[in-house]
Amino acid sequence: MASNHVRFRQGGRISNIQFGEYGMIVSRYNYTSQFSDRLPATVAAIQEVLLNGDYILGNHVESFEASFAAFVGANYCVGVNSGTDALILALSACELGHGSRIAVPANTFHATILAIVRIGAVPILIDADPRTFLMDLDSLEAERHLDAILPVHLFGLAADMERIRLHANRLGAIVIEDCAQAHGAMDGSRRTGALGAVGCYSFHPSKNLAAAGDAGACVTNDADIAERLRWLRQLGQKAQNDHVVAGFNSRLDAIQAIVLSAKLPKLEPWNQARAAIAARYRSELGTYPVSFQEPRGPREHVYHLFQMRTRDRDDLLRHLRTSGVDATIRYPVAAHQQPAFRQATWAQGRFPVAEALAKELLCLPIRPDLSEEEITHVLRSVGEFF
Ligand SMILES: *Cc1c(COP(=O)(O)O)cnc(C)c1O
């Protein structure tokens, strides 16, 4: 293993398990490779901002917003502070709030449900489909009173937006997409993100498109929603000192926009590289007692995470960690079973598929720049276990 990154992680500790007893470390992230030859130009642009003081919003943010809107195929992009804020602002911009009933998958990251709780709305949790690990659409269609539906393209797999929109139209409900794990994922021939009223993105350093800190964005085709999002991120200001709504302080910084603009041209090839690695994993691990998410068509999965489902999850994780494979669990406790949501009325056992997934899913490393040697080591380590 030649890269600095790998040397840096050698001997490191992850969750108290000593890594790399066999010398080979296959880590989940490699930020060095994300910049490669774009590093000097990125640093020069950041230096200019450090010295000129245009830190918040400004030209770099506008330029990134225009490129990201074009990437998604949306009319507008509004840069905000994080993916969590993107969700909160999107729900607020669609005038959802106290008492609104919002359907959301039980199997998702905490932030999706938190955003609903934060605006005073009622999360209507929908159990997972065991084939896709996404919101079960039969259960969704059984819900007759909803103000909004918040599908999550979880782990990178696009939800079936056609079916979701049909049900939303029947009920007169708004659709807001959580795209935090699915930058670029296709739903059939259409890009996710602009298929509902608003698409919400995170650029947290772990995501397929990564800032150097917290950052996020909302995309929309609706000019009025875009305008409200711009007010909401800026303390509700329409113009300086003209506060027209009760807003938030959640803006994208110029330095993050510079980093994101430097990486955006690589997003599509990175997603393809992730899909190629996923295809290897699927074909070579499929003979073991494991299962994977089932995409409906090509390019619908951008493999933010490669999730493998197995009853031997905990023992396999231990084995992989001691073999130097940076496998991990996303998420070990189902969102509705977190203490933060304890006062809610979701009884244990109410969402059996989501609860089983929390016990049986394991993520294998899937950086776009994984080397042949690293992929082989992952495959061999899983094989050794079974
Ligand atoms: C990361 C993530 C978020 C939150 O994004 P932050 O930028 O970390 O606030 C929301 N939803 C999902 C599905 C995520 O993976």
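**Helix packing and local backbone features of a predicted model**

Helix α13 (residues 372–385) comprises 14 residues and reaches 20 Å from its first C-alpha to its last, close to the 20 Å expected at 1.5 Å a residue (the expected span is 1.5 Å times one less than the number of residues). This is a predicted model, in which local features need pLDDT of at least 70 and side-chain atom pairs count only at pLDDT 80 or more, while totals for chains, interfaces and linings use all residues. Residues are numbered from 1 along each chain as its sequence is written, and side-chain values use heavy atoms, with hydrogens and water left out. Helices (H or I, at least four residues) and strands (E, at least two) are DSSP runs numbered from the N terminus.

**Helix α13 and its packing with α11**

- Within α13, the residues Glu374, Ile375, His377, Val378, Leu379, Ser381 and Val382 are buried (under 20% relative accessible area, against over 50% for exposed and in between for partly exposed, with a 1.4 Å probe and protein chains only).
- An α-helix has 3.6 residues a turn, so residues three or four places apart point the same way.
- The axes of α11 and α13 lie 10 Å apart, and the two helices pack at an angle of about 130° (axes are lines fitted to C-alpha atoms, for helices over the stretch in contact, and angles run from 0 to 180 degrees between N-to-C directions).
- α11 and α13 are therefore oblique to each other (angles under 35 degrees count as roughly parallel, over 145 as roughly antiparallel, 65 to 115 as roughly perpendicular and the rest as oblique).
- The crossing in which α11 passes α13 is right-handed (the near helix is turned clockwise from the far one by less than a right angle; anticlockwise would be left-handed).
- On the α11 side the contact is made by Asp315, Leu316, His319 and Leu320, and on the α13 side by Ser381, Val382, Glu384 and Phe385 (contact means heavy atoms within 4.5 Å).
- By class, the contact of α11 with α13 has four nonpolar, two polar and two charged residues (Ala, Val, Leu, Ile, Met, Phe, Trp, Tyr, Cys and Pro count as nonpolar, Asp, Glu, Lys and Arg as charged, and the others, Gly among them, as polar).

**Packing of α5 with α6**

- Helix α5 (residues 83–93) and helix α6 (residues 110–118) have axes that come within 9 Å and cross at roughly 40°.
- That angle makes α5 oblique to α6, and their crossing is right-handed.
- Thr84, Leu87, Ile88 and Leu91 of α5 form the contact with Ala111, Thr112, Leu114, Ala115, Ile116 and Arg118 of α6.
- The contact of α5 with α6 contains seven nonpolar, two polar and one charged residues.
- Ala111, placed in helix α6, is buried, with a relative accessible area of 9%.
- Not counting residues up to four places away in sequence, Ala111 touches Thr84 and Leu87.
- Ala111 and Phe155 are 44 residues apart in sequence, and their C-alpha atoms are 14 Å apart in space.

**Packing of α3 with α10**

- Helix α3 (residues 39–52) packs with helix α10 (residues 254–285) at an angle of about 165°, their axes being 10 Å apart.
- α3 and α10 are therefore roughly antiparallel to each other, and α3 passes α10 in a right-handed crossing.
- From α3, Thr42, Ala45, Ile46, Val49 and Leu50 meet Ala254, Ile255, Ile258, Val259 and Ala262 of α10.
- Nine nonpolar, one polar and no charged residues make up the contact of α3 with α10.

**A buried loop residue**

- Ser250 lies in the loop between β13 (242–243) and α10, and at 0% relative accessibility Ser250 counts as buried.
- Ser250 and Asp85 are 165 residues apart along the chain, yet their C-alpha atoms are separated by 6.9 Å.
- Leaving aside neighbours within four places in sequence, Ser250 is in contact with Gly79, Val80, Asn81, Asp85, Leu89 and Arg233.

**Backbone exceptions**

- Most residues other than glycine have a negative phi, and most peptide bonds are trans.
- Arg330 and Tyr331 are joined by a cis peptide bond with omega of about 10°; Tyr331 is in the loop between α11 (313–322) and α12 (352–360).
- Leu57 is not a glycine but has a positive phi of about 55°.
- Leu57 is placed in the loop between α3 and α4 (59–72), and at 14% relative accessibility Leu57 counts as buried.
- Leu235, also a residue other than glycine, has a positive phi near 60°.
- Leu235 is in the loop between α9 (223–233) and β12 (237–239), and at 40% relative accessibility Leu235 counts as partly exposed.
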